[in-house]
Structures are given as structure tokens and as C-alpha cells.
Amino acid sequence: MSTFFFQVMRSSLPDLFDAQPDLLFQLVTMLNPSVLVENGVPVYSVLQEPGNFVITFPRSYHAGFNFGLNCAEAVNFAPADWLPHGGFGADLYQQYHKAAVLSHEELLCVVAKSDLDSKVSPYLKRELLRVYTKERMWRERLWRKGIIKSTPMGPRKCPEYVGTEEDPTCIICRQYLYLSAVACRCRPAAFVCLE
């Protein structure tokens with residue numbers, strides 16, 4: 001969601017945000033669109049009829065109403081230029097300790113192993129470099145604090161699927177741990193992310 005939109009929402013509903021900082025992830029709060037418009041947030045409306053598709057772009061807050069019976073389906077897809085937005089979303093989910101839908105790192109690795117269209121490569125390269133830099137920074141911090149013993153992550157039973165239930169998650173931030181994790185002998189089944 002855009003920073004400006006978030007600021008308007010937060011200033012309009014301060015008590016709700018104080019009580020629940022991840023309010024906009026909960027899908028339960030709406031603000032009158034006129035308040036958004038008055039504060040310079042662009043607002044658009046569309047009437048979706050049978051057979052129509054509505055596409056929302058990354059970081060776009062959206063809402064819908066059904067005027068009667070409804071049978072709907074949502075499909076998520078991502079063109080190459082979405083990858084940095086996906087990384088931003090993954091970082092935001094981690095910050096708010098919101099369970100991840102899938103592992104962004106794993107998605108990047110799966111895409112990197114596939115037959116790439118030349119238009120995908122620059123976006124993938126930049127996002128892989130961002131993830132690599134972040135991973136290296138956190139590993140170096142842990143090494144400096146004395147956490148130096150490492151073992152490879154265990155193999156997956158279903159490596160062809162992204163974000164399966166077998167993947168470990170951090171017990172604090174609830175994100176999938178695809179590249180690395182920290183474990184302790186005192187609780188061998190519990191893992192945390194490097195952060």
C-alpha cells in the first residue's frame with residue numbers, strides 16, 4: 001500500500017491503528033472514499049460485470065461490494081516487474097509478523113532455475129542481488145556474535161512446489177525459512193530467521 005494512503009488512514013483512525021498496528025492487513029476496515037479524495041489520495045471505481053476482469057496493481061488498496069448473489073474467483077499472477085514489489089511485501093509481512101503466503105526467496109530461486117524470457121532477467125537479477133545482500137549482512141552479524149556453526153537446510157519432499165506446509169517458518173515473524181534459519185538444541189523443532 002502506498003505510504004501516502006497509509007498516512008491518511010492512520011491519521012483518520014489513530015485509535016484503531018494504536019490498538020492494532022497491522023490493521024490494513026485484516027481486511028475489516030474501510031474509510032469513506034471522500035476522506036481519501038479530500039486528502040489527495042486517488043480513488044477509482046469500477047463496476048465489474050460477468051466476464052470482466054479487474055486487475056489491481058502492487059500496493060493498491062482495494063475493496064469490493066456484491067450487489068446480490070456472487071460467485072467469484074481470484075487469480076494472482078505476477079509479471080517480471082512485480083518482483084521488487086513482492087520483495088517489499090515480504091519485508092512488510094515480516095515487519096508485522098504476518099504469516100507469509102509463500103516464500104519470496106523460494107519464488108526467486110524457482111524463477112531463476114526456469115527458462116527465462118530475456119525481459120525477466122534484469123528484474124530477477126536486481127531482486128536476487130537485494131536478497132543476497134540482505135542474507136549476507138545478517139549472516140555476517142550472526143558470525144560476529146559467535147554463531148558460526150552451520151548445516152545445510154534439509155531437502156524438501158516436494159521441491160517442485162513453492163510454499164508448501166513442509167517448509168519451516170520463523171516462530172517470531174512467521175515467514176518461510178527457505179535460504180537459512182537459526183536453530184537451538186534446546187528446541188530443535190523451532191526455527192527463527194536470521195534477523
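The following exchange between a trainee and a mentor concerns a predicted model of a protein.

Trainee: What pattern of helices and strands does the protein follow along the sequence?
Mentor: The predicted model contains 6 helices and 2 strands, and its C-alpha trace spans about 55 × 45 × 35 Å along the principal axes. Read from the start of the sequence to its end, these elements follow the pattern α-α-α-α-α-α-β-β.

Trainee: What share of the residues of the protein count as buried?
Mentor: The exposed surface comes to about 14700 Å², of which carbon and sulfur atoms supply 58%. A residue has to fall under 20% relative accessible area to be called buried, and among the 195 residues of the protein the share that does so is 24%.

Trainee: Among contacts with a separation of 6 or more, what percentage comes from residues 24 or more positions apart?
Mentor: The question concerns pairs with heavy atoms within 4.5 Å, sorted by how far apart the partners stand in the sequence. For contacts with a separation of 6 or more, the part that residues 24 or more positions apart account for is 54%.

Trainee: Within what arc do the buried residues of H1 fall?
Mentor: Helix H1, which runs over residues 3-12, has Phe5, Val8 and Met9 as its buried residues. Looking down the axis of H1, one finds these buried residues gathered on one face of the helix, because they fall within an arc of 95°.

Trainee: Which helices are included in what covers the buried residues of H1?
Mentor: The residues to be covered are Phe5, Val8 and Met9. Their cover includes two further helices, one spanning 14-19 and the other 33-38, namely H2 and H3.

Trainee: Which helices help to cover the buried residues of H5?
Mentor: Helix H5 takes in residues 104-113, and within this helix His104, Glu106 and Leu108 are buried. What covers these buried residues includes H4 and H6.

Trainee: How far apart are the closest N and O atoms of the salt bridge between Asp18 and Arg10?
Mentor: Side chains of opposite charge can pair when their charged atoms come close. In this case Asp18 is exposed at a relative accessible area of 52%, whereas Arg10 is partly exposed at 32%. The closest N and O atoms of Asp18 and Arg10 are separated by 3.1 Å.

Trainee: Is Glu127, the salt-bridge partner of Arg130, buried or exposed?
Mentor: Arg130 and Glu127 both belong to helix H6, which covers residues 121-144, and they stand 3 residues apart, about one turn of the helix. Their salt bridge brings the closest N and O atoms to 2.7 Å, and Arg130 is partly exposed at a relative accessible area of 29%. Glu127 has a relative accessible area of 3%, and is therefore buried.

Trainee: Which residues are linked with Glu127 and Arg130 in a network of salt bridges?
Mentor: The whole structure holds 7 salt bridges, one of them being that between Arg130 and Glu127. The network that contains Glu127 and Arg130 also links Asp91, Lys134 and Glu195.

Trainee: What N to O distance is found in the salt bridge of Arg136 and Glu140?
Mentor: An α-helix has 3.6 residues a turn, so residues three or four places apart point the same way. Arg136 and Glu140 are 4 residues apart in helix H6, about one helical turn, and both count as partly exposed, Arg136 at 43% relative accessibility and Glu140 at 27%. The N to O distance of their salt bridge is 2.9 Å.

Trainee: Which residue has its backbone nitrogen 2.8 Å from a polar atom of the side chain of Asn52?
Mentor: Asn52 is found in the loop between H3 and helix H4, where it counts as partly exposed at 37% relative accessibility. The backbone nitrogen that lies 2.8 Å from a polar atom of its side chain belongs to Glu49.

Trainee: What angle lies between the planes of Phe25 and Tyr93?
Mentor: The count of aromatic pairs comes to 4. Phe25 and Tyr93 form an edge-to-face pair with a centre to centre distance of 5.3 Å, and this pair links distant parts of the chain, since Phe25 lies in the loop between H2 and H3 and Tyr93 in helix H4, 68 residues apart. Phe25 is buried at 12% relative accessibility, while Tyr93 is partly exposed at 23%. The angle between the planes of Phe25 and Tyr93 is 85°.

Note on methods: Residues are numbered from 1 along each chain as its sequence is written. This is a predicted model: local features need pLDDT of at least 70, side-chain atom pairs count only at pLDDT 80 or more; totals for chains, interfaces and linings use all residues. Side-chain values use heavy atoms; hydrogens and water are left out. Buried means under 20% relative accessible area, exposed over 50%, partly exposed in between (1.4 Å probe, protein chains only). The arc is that of the directions from the helix axis to the C-beta atoms. A salt bridge is a side-chain nitrogen of Lys or Arg within 4 Å of a carboxyl oxygen of Asp or Glu. A polar contact is a pair of N or O atoms within 3.5 Å; within protein, one must be able to donate a hydrogen and the other to accept it, and residues adjacent in sequence count only if both atoms are side-chain atoms. Accessible areas come from the Shrake-Rupley method with a 1.4 Å probe; for residues, only the protein chains shown count as cover. Rings of Phe, Tyr and Trp (its six-membered ring) pair if their centres lie within 6.5 Å; planes under 30 degrees apart count as stacked, over 60 as edge-to-face and the rest as tilted.
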